[in-house]
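Dear colleague,

I am handing over the structure we spoke about, with the sequence alongside. Please have both open while you read, as my notes follow directly below.

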Amino acid sequence: MPSSIHPSAIIEPGAEIGAGCRIGPYCHVGPNVILGSGNVLRANVVIGGHTTLGDGNEIHPFACLGTEPEDRKFLRGSVTFTRIGSGNVFREYATVNASAKQGESTVVGSNGVFLSYSHIAHDCIVGDNVVISCDAKLSGHVQVGDRVVINGKTGVVQFVRIGAFAFIGGMNKVTKDILPFCIADGYPSVMRGINKIGLERNGFEASQIQVIRSAYRTLLRQNLPLNVAIDQLKQEGGNKPEVAQMISFAATSVVGLARPRMVMKEA
């Protein structure tokens with residue numbers, strides 16, 4: 001199936017356009033861009049840099065993907081990349097920046113929904129089936145696991161990790177890591193419990209949810225030092241896949257976990 005390109009669109013020499021793409025009025029596709037099949041660029045879309053998109057993405061007006069990072073350390077002339085999967089929706093004014101490091105990539109998975117004015121900064125790694133709501137922003141080097149939901153007007157600080165199946169409230173300031181399977185909310189954002197409804201919607205069984213809840217309580221509700229809580233959790237059920245995922249995530253945290261402040265009981 002041939003691609004449809006509006007006469008006002010600019011496709012730079014060297015760009016590769018897959019079969020069945022539809023490129024609307026006033027779009028600009030740079031010379032080092034590779035589009036898979038069936039991508040739809042509505043109108044006034046900019047795709048620049050060394051950017052690769054998979055198949056079937058839908059990009060709405062004034063979205064800007066793969067352009068230079070907003071990072072003062074970036075050396076103009078460096079060759080950096082943006083790699084985007086398939087089946088994503090980028091709504092109006094969504095932005096994804098290329099990596100700031102020579103030869104490296106900003107990575108966005110597949111089947112995500114990135115709403116209007118959302119921003120994915122340089123060197124982020126975003127998983128599959130992620131939802132980033134209106135005006136939410138990821139700073140540089142943020143990692144977001146599969147099936148995460150980040151609600152509107154939330155900002156995520158550099159190098160923070162958000163684990164798979166996590167749910168972040170709106171208007172949050174996320175400065176620490178959020179464990180997989182958890183809900184976080186606040187300013188700054190802290191973990192409040194497990195994402196029970198989200199887990200149920202994604203097919204988790206009641207027994208799995210109970211295992212996750214028990215692990216969450218050990219890590220966050222017993223007022224233990226993190227290394228002690230991890231050791232205890234390994235002894236209690238570290239062989240279960242969900243628990244092992246939480247242990248690995250917690251043990252490798254660099255910026256620290258977004259643990260709620262615990263009030264010590266009086267003697």
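In this predicted model, Asp177 and Arg161 form a salt bridge in which the closest N and O atoms are 3.3 Å apart. The two partners come from distant parts of the chain, since Asp177 sits in the loop between strand S26 (173-174) and S27, while Arg161 belongs to strand S24 (residues 161-162), and 16 residues separate them. Both Asp177 and Arg161 are buried.

A further group of charged residues is linked in one network, in which Asp135, Lys137 and Lys153 are joined by salt bridges that share partners. Within this network, Lys137 pairs with Asp135, and their closest N and O atoms are 3.0 Å apart. Lys137 has a relative accessible area of 32% and is therefore partly exposed, and Asp135, with a relative accessible area of 25%, is likewise partly exposed.

Asp71 and Lys73 make another salt bridge, with 3.2 Å between the closest N and O atoms. Is each of these partners, Asp71 and Lys73, buried or exposed? Asp71 counts as buried because its relative accessibility is 16%, under the 20% limit that applies here, whereas Lys73 is exposed, because its relative accessible area of 64% is over the 50% limit. In total, the count of salt bridges comes to eight. As background, side chains of opposite charge can pair when their charged atoms come close.

Turning to the strands, S27 (residues 182-186) and S28 run antiparallel and are joined by five bridges. The connection from S27 to S28 is a hairpin that passes through two residues, and one of the bridge partnerships is that of Asp185 with Val190 in S28. Strand S28 itself covers residues 189-194, and because five of its six residues are buried, the strand is largely enclosed by the rest of the structure.

Finally, there is a nonpolar patch on the surface, formed by Phe62, Tyr93 and Tyr117, which together have about 310 Å² of accessible area. Of these residues, Tyr117 lies in the loop between strand S16 (113-114) and strand S17 (119-120), and its relative accessibility of 44% is why Tyr117 counts as partly exposed.

With best wishes

Key
Residues numbered from 1 in each chain as written. Predicted model: local features only at pLDDT ≥ 70, side-chain atom pairs only at ≥ 80, totals over all residues. Heavy atoms only, no water. Patch = residues over 30% accessible without salt bridge, like charges linked within 9 Å, V, L, I, M, F, W, Y side chains within 5 Å. Areas by Shrake-Rupley, 256 points an atom, 1.4 Å probe, with all protein chains shown as cover. Salt bridge = Lys/Arg side-chain N within 4 Å of Asp/Glu carboxyl O. Helix = DSSP H or I, 4+ residues; strand = E, 2+ residues; numbered from the N terminus. Buried < 20%, exposed > 50% of the residue type's maximum accessible area, 1.4 Å probe, protein only. Pairing = 2+ DSSP bridges.
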